[in-house]
Amino acid sequence: MASMDDNFNLKWRAYIEFRTILKTQPVQIFSELQEILCVNCPSRSTVERWVASFRSGGADVTDFPPSGRLASGTNSENIVLIESMAMEDKCITVNQLEQSMEISSGAIHTILTTELGYRSICGKWVPHMLSENQRLARLNIAKKLLETYENCDSRRLTEIMTGGKTWVYYSTPYSKYKKRSWVRDDEQPAKIPRPDCKKPKIMYTIFFSSHEIVLQLPCESGKAVTATFFTEQVLPNLIKNIEKYHPKTRTRGMKILIANTSSHKAKLTKSSWM
């Protein structure tokens, strides 16, 4: 008799068979299964293997796993083993666990979610990994800012425009989806540090208010954000956009908050504010 996991496998095998009959490419079938099954999706190599078998006419959706596989994967031994592997590597995938153990992906997902209470959460981007002292310092600063906010008129926040420079990478070595981690309700997802600074990238100057992004200005490739670039490119475009978004008040009462960098505190920049 087929188990619950076998019945689950029958469904995605039947889907592969129908899509193969319609001459759909394996990569497209795998993409569709990923969207439908998410973490329960079979690996790409598995999909390609079944497509090839259906094309040759030598496969049937009722072909169950070899007798060496366990009839039920959700036993206490497998639960303990999967828990230890998940604790050792929070970012381990169902496919990786399936390759290491002789049970189906469906049974593994059931153990992780139902038996162990894990959820698969995307990694959280952070500028860089902070030390305990750095985190404590930022916490204290945040508390002081909240105290200041509580003692002032919140409407004045709309008069503040802030911004700065940031690197935008053309590509990243991994996405947040590839850095998913298994966490319980009282745990935090894995943190992903900023990509290697040597990767291809472009410098952007971005300004925003409490309501919208006012300016996104790229710096020409190979050049730095100097005082000349800031006064001749950034400020004119910033003022133009402020007047566009605030046609009635324009720049009246507006306050610009910028970092204390060399391009911002240069004489040329200071004179342009006059």
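A nonpolar core is a set of buried Ala, Val, Leu, Ile, Met, Phe, Trp, Tyr and Cys residues joined through side-chain atoms within 4.5 Å. The exercises below apply this term and others to a predicted model.

**Exercise 1. The nonpolar cores**

Task: Determine which residues of the largest nonpolar core touch the most other members, and which elements give two or more residues to this core.

Solution.
1. The largest nonpolar core has 16 residues; those touching the most other members are Ile82, Leu97, Ile103, Ile108, Leu112 and Leu116.
2. Two or more residues come from each of the helices α4 (76–88), α5 (94–100) and α6 (105–115).
3. Take Ile82 as an example: with residues up to four places away in sequence left out, Ile82 is in contact with Leu97, Met101, Ile103, Ile108, Ile111, Leu112 and Leu116.
4. Another core, of 15 residues, lies apart from this one and includes Val214, Leu215, Cys219 and Met254.
5. As a general background, nonpolar side chains tend to be buried together in soluble globular proteins.

**Exercise 2. The four-stranded sheet**

Task: Establish the order of the four strands in the open sheet, and state which strands lie at the edges.

Solution.
1. The strand order is β7-β6-β3-β8, and the pairing is mixed.
2. At the edges are β7 (213–218) and β8 (255–257), each of which pairs on one side only.
3. On average, neighbouring strands of the sheet are turned by 25° against each other, direction ignored.
4. Strand β6 (residues 201–208) runs antiparallel to β7 and is joined to it by five bridges.
5. Within this pairing, Tyr204 has Pro218 in β7 as its bridge partner.
6. Helix α8 (residues 227–245) packs on the sheet and touches β3 (160–169), β6, β7 and β8; the direction of α8 makes about 150° with that of β7.

**Exercise 3. Two cysteines**

Task: Decide whether Cys41 and Cys219 are buried or exposed, and state how many disulfides the structure holds.

Solution.
1. The cut-off for a buried residue is under 20% relative accessible area.
2. Cys41 has a relative accessible area of 3%, so Cys41 is buried.
3. Cys219 has a relative accessible area of 4% and is therefore buried.
4. The number of disulfides in the structure is zero.

**Exercise 4. The backbone at Lys23**

Task: Locate Lys23, give the sign of its phi, and decide whether Lys23 is buried or exposed.

Solution.
1. Lys23 sits in the loop between α1 (4–21) and α2 (26–37).
2. Its phi is positive, about 65°, although Lys23 is not a glycine.
3. For comparison, most residues other than glycine have a negative phi.
4. A residue counts as exposed over 50% relative accessible area. Lys23 has 72%, so Lys23 is exposed.

Conventions:
Residues are numbered from 1 along each chain as its sequence is written. This is a predicted model: local features need pLDDT of at least 70, side-chain atom pairs count only at pLDDT 80 or more; totals for chains, interfaces and linings use all residues. Side-chain values use heavy atoms; hydrogens and water are left out. Buried means under 20% relative accessible area, exposed over 50%, partly exposed in between (1.4 Å probe, protein chains only). Contact means heavy atoms within 4.5 Å. Two strands pair if DSSP finds at least two bridges between them. Axes are lines fitted to C-alpha atoms, for helices over the stretch in contact, and angles run from 0 to 180 degrees between N-to-C directions. A disulfide is a pair of cysteine sulfur atoms within 2.5 Å.
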